[in-house]
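Please look at the sequence and the three-dimensional structure together. The paragraphs that follow lead through a sheet, a helix and several salt bridges.

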Amino acid sequence: MSKGREAILALADGRVFRGRAFGAVGEAVGEAVFNTAMTGYQEVLTDPSYKGQLVCMTYPEIGNVGINAEDAESRRVYVEGFIVKEYWARPSNWRSEMPLGRYLEDAGVVGIEGIDTRALVRHLRTRGAQEAVISSVDLDTDSLVRKAKASPGLVGRDLVKEVTSAEPYNWDFGDWKLGSGHVRASYETARDAPTIVALDYGIKLNILRRLVATGFRVKVLPAASTAEQILAHNPDGVFLSNGPGDPAALPYAYRAIAGVLGKKPVFGICLGHQLLGLALGGKTYKLDFGHHGANHPVMDLRTRRVEITSQNHGFAVNDESLKGRAILSHLNLNDNTVEGLQGTGVPFFSVQYHPEASPGPHDSSYLFARFRKLVETFPRYGAEALERIIAAEALAQAQIQ
């Protein structure tokens with residue numbers, strides 16, 4: 001047990017924070033980032049996109065709603081370490097099944113509380129996300145800073161291979177309903193539904209649930225699947241998931257996507273969006289401190305509608321590198337980075353953010369319905385299908401205004 005034990009967070013630039021340990025006793029190395037969501041820490045912990053990172057929550061009190069099995073976004077905790085201002089060891093929530101500290105302890109994940117998270121976040125915003133170490137076993141600050149400096153970082157690393165599924169599988173669970181949990185699609189519903197292949201680069205479970213709830217039969221394939229293996233399933237559409245790390249380190253993934261484009265409708269989220277950019281011949285780059293949280297404003301450039309979005313990524317697509325191969329469809333209003341792409345003459349669209357929420361707002365859930373319409377109309381309209389759908393959405397939005 002780590003209760004009351006001293007712990008230290010040391011950054012590669014020499015900044016040190018002292019606090020108290022919770023969760024597992026030990027040491028964790030990763031890139032220190034901050035998440036600005038007020039709720040949803042369990043979804044954050046189990047999001048595979050956080051592989052390789054130490055996550056600091058900016059909301060001060062964490063642990064007050066406990067942990068339950070239904071809210072996990074994957075099969076286990078993927079953050080390397082957890083940083084909070086105040087850990088609440090006694091949850092008050094009717095759905096809670098265990099305290100956060102025990103959950104982290106069982107998962108072998110090191111946490112630190114009692115540090116000035118505001119100071120840490122201001123430091124990371126100024127100096128950028130950087131490698132760091134949390135330790136409750138080595139309390140020598142010089143030693144910890146050296147370990148942080150020696151960490152390999154995220155650039156150039158393939159972390160997807162550590163989070164993807166080993167074998168293909170079918171998914172048939174839909175949205176969560178009070179009193180029923182996650183509802184499984186009936187045989188009758190699934191029998192006539194269009195089939196999509198979802199490439200698992202570290203896919204969140206709520207994405208799969210939303211795809212089923214939208215009316216798809218879902219076949220999940222490992223990240224290393226080739227274009228030939230994807231097309232061998234003869235899907236009605238292809239979905240590209242979120243995932244961790246540097247998209248440029250995944251040539252096998254974006255080459256497979258290039259082999260699918262134009263043959264099937266494609267929808268990408270987060271890492272899937274970045275890989276689409278690379279498949280088109282574009283380039284990606286690392287952001288200073290990334291976008292992590294449930295409150296990022298994004299504008300749909302066609303409708304001029306502003307969505308409050310849930311985000312988790314440290315890399316972005318350079319739109320100028322695409323050289324007209326895609327249309328910029330969504331823009332981040334905080335820093336003007338690319339948040340969405342639309343195909344030109346090729347039926348695909350993608351967003352950098354998370355329309356499935358979990359945690360976060362539901363402003364962008366329409367994108368799943370758009371994908372369903374694209375899959376249904378592609379056989380009739382081909383490359384024109386997406387433009388027809390988006391034009392209809394823009395007209396509907398104009399009438400509402």
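A residue is called buried when its relative accessible area is under 20%, exposed when this value is over 50%, and partly exposed in between. The structure shown is a predicted model. By the cut-off just given, K204 is buried, and E356 is buried as well. These two residues form a salt bridge in which the closest N and O atoms are 3.0 Å apart. K204 belongs to the loop between β13 and α6 (205–213), whereas E356 belongs to the loop between β21 (348–351) and α10 (366–381), so the salt bridge ties together parts that are 152 residues apart in sequence.

The sheet comes next. Strands of a sheet pair through backbone hydrogen bonds, and the pairing is either parallel or antiparallel. Here, 10 strands form an open sheet with mixed pairing, in the order β10-β14-β13-β15-β16-β21-β20-β19-β17-β18. At its edges stand β10 (169–171) and β18 (306–318), each of which pairs on one side only. On average, neighbouring strands of this sheet are turned by 25° against each other, direction ignored. One pairing within it joins β13 (residues 195–200) to β15 (residues 237–240) in the parallel sense, over 4 bridges. V197 stands opposite V238 in β15.

Attention now turns to helix α4, which comprises residues 141–150. Its residues S143, L144, V145 and A148 are buried. What covers these buried residues includes the strands β1 (6–11), β2 (16–23), β3 (27–35) and β9 (130–135). At the start of α4, a side-chain oxygen of D140 comes to within 3.0 Å of the backbone nitrogen of D142.

How many salt bridges does the structure hold? The number is 19. One of them joins R184 to D172, with the closest N and O atoms 3.2 Å apart. This pair links distant parts of the chain, 12 residues apart: R184 lies in strand β12 (residues 181–184), and D172 in the loop between β10 and β11 (173–177). R184 counts as exposed because its relative accessibility is 51%, while D172, with a relative accessible area of 31%, is partly exposed.

A further salt bridge connects R302 with E387, the closest N and O atoms being 3.1 Å apart. R302 lies in the loop between β17 (283–300) and β18, and E387 in helix α11 (residues 385–400), so that distant parts of the chain, 85 residues apart, are linked. R302 has a relative accessibility of 35% and therefore counts as partly exposed; for E387 the value is 35%, and this residue also counts as partly exposed. Finally, E27, D138 and K147 are linked in a network of salt bridges.

Conventions
Residues are numbered from 1 along each chain as its sequence is written. This is a predicted model: local features need pLDDT of at least 70, side-chain atom pairs count only at pLDDT 80 or more; totals for chains, interfaces and linings use all residues. Side-chain values use heavy atoms; hydrogens and water are left out. Buried means under 20% relative accessible area, exposed over 50%, partly exposed in between (1.4 Å probe, protein chains only). Helices (H or I, at least four residues) and strands (E, at least two) are DSSP runs, numbered from the N terminus. Contact means heavy atoms within 4.5 Å. A polar contact is a pair of N or O atoms within 3.5 Å; within protein, one must be able to donate a hydrogen and the other to accept it, and residues adjacent in sequence count only if both atoms are side-chain atoms. Two strands pair if DSSP finds at least two bridges between them. Axes are lines fitted to C-alpha atoms, for helices over the stretch in contact, and angles run from 0 to 180 degrees between N-to-C directions. A salt bridge is a side-chain nitrogen of Lys or Arg within 4 Å of a carboxyl oxygen of Asp or Glu.
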